[in-house]
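Let's take a walk through this structure together. Keep the sequence and the 3D view handy as you read.

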Amino acid sequence: MRKTEAPADVAPTIRNARLNDAPALASLMCELGYETTSAEMRQRLKSILPDSRYRTFVAEIDHQVCGMIGTLTHAGHEHNDLSGRIVALVVSEKQRRSGIGRALIAAAEKDFAKRKVTRVSLTTRFTREEAHQFYEALGYSRTGFRFAKNLLRFQMAN
């Protein structure tokens with residue numbers, strides 16, 4: 001089933017996220033499949049926003065947040081130069097296919113370039129075929145598999 005396309009003639013404003021964006025970002029995380037309350041998102045932003053390794057950009061149309069991208073710049077064991085990671089990208093369902101995702105990726109890549117990042121990676125769920133096509137259309141390629149394991153909270157305390 002194809003979702004309704006948003007009008008393509010309205011360019012989003014891309015800006016740095018603020019703490020008061022927490023409710024809108026929580027809603028976007030829920031659309032992505034990660035149940036998140038406004039209070040939880042506020043706590044996350046309190047940790048993320050002051051950390052210079054992270055960037056969180058939001059897209060707005062008519063002063064309403066309709067998308068976000070979160071990135072991380074980091075050193076790695078495999079390379080001498082910095083790497084970048086797109087940690088999260090989401091556009092509100094009613095605004096998808098309107099260029100907002102591309103604008104957010106462009107803002108992130110521009111920021112990575114300023115930070116002298118030479119490679120960018122991201123992960124996406126196997127089931128998100130449309131997202132895979134989107135990333136490939138932007139020049140990203142499939143390079144491997146991601147494995148994940150949830151650790152119990154008491155293991156983290158040891």
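Start with a pair of charged side chains: those of Asp51 and Arg53 come together in a salt bridge, with 2.7 Å from N to O. Keep in mind that what you're looking at is a predicted model. How do the two partners sit with respect to the surface? Asp51 has a relative accessible area of 18%, so it counts as buried, the cut-off being under 20%. Arg53, on the other hand, comes out at 46% relative accessibility and is partly exposed.

That pair has company, as a search of the whole structure turns up seven salt bridges. Another one joins the side chains of Arg15 and Glu60, at 2.9 Å from N to O. What does this pair tie together? Arg15 belongs to strand 1 (residues 13-16) and Glu60 to strand 2, so the bridge links parts that lie 45 residues apart in sequence. Arg15 and Glu60 are both buried. They also take part in something bigger than a pair, since Arg15, Asp21 and Glu60 are linked in a network of salt bridges. Yet another bridge brings the side chains of Arg115 and Asp111 together at 3.1 Å, N to O, and here, too, both Arg115 and Asp111 are buried.

Now step back and look at the whole chain. It has five helices and five strands, and from the N terminus on they run β-α-α-β-β-β-α-β-α-α. Of the 158 residues in the chain, 34% are buried. If you take the contacts with a separation of 6 or more, 61% of them are between residues 24 or more positions apart.

Helix 1 is a good place to see burial at work. Which of its residues are buried? They are Ala22, Leu25, Ala26, Leu28, Met29 and Leu32. Look down the axis of helix 1 and you'll find these buried residues within an arc of 160°, so they line one face of the helix. As for what covers them, the list includes helix 2, strand 2, strand 3 and strand 4. Right after helix 1 comes Gly33, with a positive phi, near 105°.

One of those buried residues, Leu28, leads us on to Gly67. You'll find Gly67 in strand 3, and with 0% relative accessibility it counts as buried. Gly67 and Leu28 are 39 residues apart in sequence, yet their C-alpha atoms are 7.2 Å apart in space. Leaving out residues up to four places away in sequence, Gly67 touches Leu28, Phe57, Val58, Ala59, Val90, Val91 and Leu104.

Last stop: the empty space. How much of it lies in the largest pocket? About 1,400 Å³. This pocket is lined by 46 residues, and the closest to its centre are Leu32, Leu89, Val90, Val91 and Tyr135. Leu32 is also among the buried residues of helix 1, while Val90 and Val91 are among the residues that Gly67 touches. Which elements each supply at least two residues of the lining? They are helix 1 (22-32), helix 2 (38-48), strand 2 (54-61), strand 3 (64-74), strand 4 (83-91), helix 3 (100-114) and helix 4 (129-137). Sorted by class, the lining holds 21 nonpolar, 11 polar and 14 charged residues.

Key. Residues numbered from 1 in each chain as written. Predicted model: local features only at pLDDT ≥ 70, side-chain atom pairs only at ≥ 80, totals over all residues. Heavy atoms only, no water. 1 Å grid on protein atoms, 1.4 Å probe; cavity = no way out; pocket = protein on both sides within 12 Å on 5 of 7 lines; lining within 4 Å. Points joined across faces, edges and corners; volume = space filled by probe spheres on them. Helix = DSSP H or I, 4+ residues; strand = E, 2+ residues; numbered from the N terminus. Nonpolar A, V, L, I, M, F, W, Y, C, P; charged D, E, K, R; others polar. Salt bridge = Lys/Arg side-chain N within 4 Å of Asp/Glu carboxyl O. Buried < 20%, exposed > 50% of the residue type's maximum accessible area, 1.4 Å probe, protein only. Arc of directions from axis to C-beta. Contact = heavy atoms within 4.5 Å.
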